[in-house]
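This report goes through one structure, from a single helix to the contacts between chains. The sequence and the model come first.

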Amino acid sequence: MPVLEGTELRIVGFLCNWCSYGGADTAGVGRFKQPTDLRIIRVPCSGRIDPLFIVKAMMNGADGVLVSGCHPRDCHYSEGNFYARRRLEIIEKFLPILGYEPERFAYTWVSASEGQRWQEVVTSFTDQIHKLGPAPKILGPQASDTLSVMEAAL
Amino acid sequence: MGLVKYLKSADLTPWLEELAQENKVFAPRYEGDAVIFAPFDPKQEISIKHAATMPPKKTVFPQSEKLVDFTYSKDPEDLSRVMIEGKEVLPEGTAVVFGGRPCDVRGFTMFDRVYLAEKTTDVYYKARRDNTSFITLACEKPETTCFCHWVGSSPYDATGSDVLATPIEDGYVLESFSPKGQKLLTSKLLENGDRWISKGQEVNENAVESLTDAPDLSRAPQKLLDVFDNMNFWEKAAAKCLSCGACAYLCPSCYCFNITDETTGMKGTRFRSWDNCMSAQFTMEASGHNPRPTKAHRLKNRVGHKFSYYPGIHDGVISCCGCGRCIKSCPVGIDIREIVQEAINHEPAIG
Amino acid sequence: MKFQEELKKCISDVMPELDVVIGWCASFDPLHATPHFMRRKEDIDKLEISPLSVHNLATYLPGLRGKKVGIVVKGCDSRSVVELLQENLIDRKDVTIFGFPCTGVVDQSKIKKALGHTGNVESCEMSDTALVIKMDDKTQTLAMAEMLADKCSSCRYPDAVISDYFAGEKIGNKGEKDVDYAAVEAFEKLSVPERFGYWLKELDRCIRCYACRNACPLCVCRDHCAAESRDPHWLSQENNVRDKLMFQVIHAYHLAGRCTECGECQRACPVDIPVLMFKQKMNQEIREIFQYEAGVDPEATPPLLSFKMEEENITEKVW
């Protein structure tokens, strides 16, 4: 990774096992060109994603977080993604108060056959994060560790 | 009597700046609406008119501290063999704490009996304790929650302090109580204080006079043991308790800690962090059994430890310094004085 | 207070059927009240209801489940009771609710700010319009309206929304005021680094006593909180501002669609960290997206415990 330092940002993806992870796999098998900033974590269902995962990822240094599950009405567990949609919508709108741009987070639906769509989602989300640049980071245990660097940057 | 000096109010900031050249200086200042001890910054106004929201406990006993940094490595010859290398992290540098109150600083003497004991000395605590000096401010007027005189202290008690500063008009009378304190009083900003001594004494005496009568707590240790098994008593006392840790974490004499190893990849740190007996996990055993299952058990421990168990093994010294923060900052206004007195006055039902 | 005697009589009449009735009484100084657990008739004499009755007593209800409990509630407190009923965390048949017309409670931090300190209060007289406080050989008069908690100045439920007995005359809805989120909106107008830096600075002094959590009537996990779990290890034991901030997010998120903004979290904080704003923000969203308000209707389902196939107010991103 050091080779890419400075050019690559860190994006964490939470993908459901049944649709989106399959979709990402389809994109890979189809050899669709994709940016490499995204690190994927496979979860059983988008309903498994605790929205706090997203905040935790951001606070630990992620520049963006992407969540993808099965299309509504297509959930392997019937309704997991319906619950997920409500939760994710709320956390997206909550991010600004913490000092993160809401655009650093996105959720979407990609089915296992939609390799092409996956490529579009990843490319466009990565572009979006690159436009925003690195997210604000917590640099040490004391607030002053971060605040002094922030002040110096101004 | 130690060295006595006089400091003009206007010279306080320059003096602290001078001290800050060689030491890390902590002084109370406003952060939001709370007054806490923070690294001294001449650009920010210090707040010493009233006792701080938080005592300076963390200057010697940090909220969390690194004890050991460790690294795992694999033996290249035998990958199933994992080796670990640890590096002790000892605190460095000297510190001066300005603006604590007699109760705040006296709290550390209760730590000392536990952490500086002959058989087991806590090296981390000792390092900070030895390298920290306290310039304590005598109190001019006790607050409604103050009860230092109940527990054997006074508004100008210098126990544990290196210098006691008594505020008089336009300045402070400074008196040293240790070699460390004597060294602090060598600044050119200070003038001989002999002619101010009587003024200082007057302030000290006035403070004592404004105290209300203190009840006799000598029966407290035994009486608290008597009600140990009386859960009715404790359930009543703890009914409104929320079982949070505000009382313990704001207490200058609460010294309990927790140790956690936190590992990321092949590296990790052993942390020591504050813990409190009001937390359910404080006594949680690995089996899942908890000998203190309810808030009544926990509050019993907190009160009992301070006024009975600790005095029982430490020459009758009560491990409460009477600062009153647990009363003032308790979200539901639990009054430890009330509980101790109820225990003292409790007469077991006959039969 | 006129209704106080009526309330005392009310409680006295029902007391034989109850294990305990929770109200407020005088505390360590004239400026503070404290929760009061009444078990015998003579305890009722000490009951005092005033602008100092700040504590939300609903916090105690889940812990007393199984007992017959009476509780005196302000309008805002009653919403916590409703929410607890909604979530089946207490049993309606075991709880007897005493309501009264609440004209607001004080914010101790505001008083402290106005007076410089409140360490030596000798007496405190209260009227509808003023607090007259005697301290340090001085008598100071503070306007009640300025000392009231923020939640009171925009209160829409001064009377208990649910009660078995109501003492005094209902105030009625004060003109259907809408919720006031001006402070949150103003904060959101700040730049990204300003917002980010603000929380780091504020939370730096957090001592992790978890008074915010334990005072919260809806933090019902009590001894099993994610904050102290080692597996999963959500939060480090290090004194790290990241973990302090993360806990506030955990708290706010676990209250999404449940929080009634009683403000106990912020009031309980011994170092005055303005943690209520997180919950206000969450509630603002819940209102906008789901047109839902917690703790009003005992029969309603909190929005995150349900869903619709087609969500009217959620517009998904188009790629």
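The buried residues of α2(B) pack against β6 (95-100), α3 (123-130) and β7 (132-137) of chain B. Buried residues have 20 or more other C-beta atoms within 10 Å of their own, with C-beta atoms placed from the backbone. In α2(B) they are B:Pro102, B:Cys103, B:Asp104, B:Val105, B:Arg106, B:Gly107, B:Phe108, B:Met110 and B:Phe111. The helix covers residues 102-115, which is 14 residues, and reaches 20 Å from its first C-alpha to its last, close to the 20 Å expected at 1.5 Å a residue. That expected span is 1.5 Å times one less than the number of residues. Helices (H or I, at least four residues) and strands (E, at least two) are DSSP runs, numbered from the N terminus.

This is a predicted model, in which local features need pLDDT of at least 70 and side-chain atom pairs count only at pLDDT 80 or more, while totals for chains, interfaces and linings use all residues. Residues are numbered from 1 along each chain as its sequence is written, and chains are lettered from A and ligands numbered from 1 in the order in which they are written.

B:Met110 also meets a residue from elsewhere in the chain. B:Ser319 sits in the loop between α9 (295-313) and α10 (325-328) of chain B. In sequence, B:Ser319 and B:Met110 are 209 residues apart, yet their C-alpha atoms are 6.0 Å apart in space. Leaving out residues up to four places away in sequence, B:Ser319 touches B:Met110, B:Ser253, B:His305, B:Lys306 and B:Tyr310; two residues are in contact if their C-beta atoms lie within 7 Å. B:Ser319 is buried because 23 other C-beta atoms lie within 10 Å.

Chain B as a whole has 11 helices and 12 strands. Of its 351 residues, 44% are buried. Among its contacts with a separation of 6 or more, 69% are between residues 24 or more positions apart. The C-alpha trace spans about 75 × 70 × 40 Å along its principal axes. A compact globule of 351 residues would have a radius of gyration near 20 Å, and the 23 Å of chain B agrees with this. The radius is taken over C-alpha atoms, and the globule rule is 2.2 Å times the number of residues to the power 0.38.

Between chains, 2 pairs are in contact, and chains B and C share the most contacts. Chain A and chain B are joined by no contact, and their closest C-alpha atoms lie 10 Å apart.

| Contact of chain C | Residues from chain C | Residues from the partner |
|---|---|---|
| with chain B | 35 residues | 37 residues |
| with chain A | 36 residues | 35 residues |

On the side of chain C that touches chain B, β2 (33-38), α4 (108-115), α9 (211-215) and α11 (264-268) of chain C each supply at least two residues. That side divides into 13 nonpolar, 13 polar and 9 charged residues. Here Ala, Val, Leu, Ile, Met, Phe, Trp, Tyr, Cys and Pro count as nonpolar, Asp, Glu, Lys and Arg as charged, and the others, Gly among them, as polar.

On the side of chain C that touches chain A, the largest share, 8 residues, comes from α8(C). The residues of this side divide into 23 nonpolar, 3 polar and 10 charged.

Within chain C, the axes of α8 (residues 192-203) and α10 (residues 241-254) come within 9 Å and cross at roughly 100 degrees. The two helices are therefore roughly perpendicular to each other, a term for angles of 65 to 115 degrees. Axes are lines fitted to C-alpha atoms, for helices over the stretch in contact, and angles run from 0 to 180 degrees between N-to-C directions. C:Trp199, C:Leu200 and C:Leu203 in α8(C) meet C:Val241, C:Lys244, C:Leu245 and C:Gln248 in α10(C).

Technical notes:
Angles under 35 degrees count as roughly parallel, over 145 as roughly antiparallel, 65 to 115 as roughly perpendicular and the rest as oblique. A residue is buried if 20 or more other C-beta atoms lie within 10 Å of its own, exposed if 12 or fewer, and partly exposed in between; C-beta atoms are placed from the backbone.
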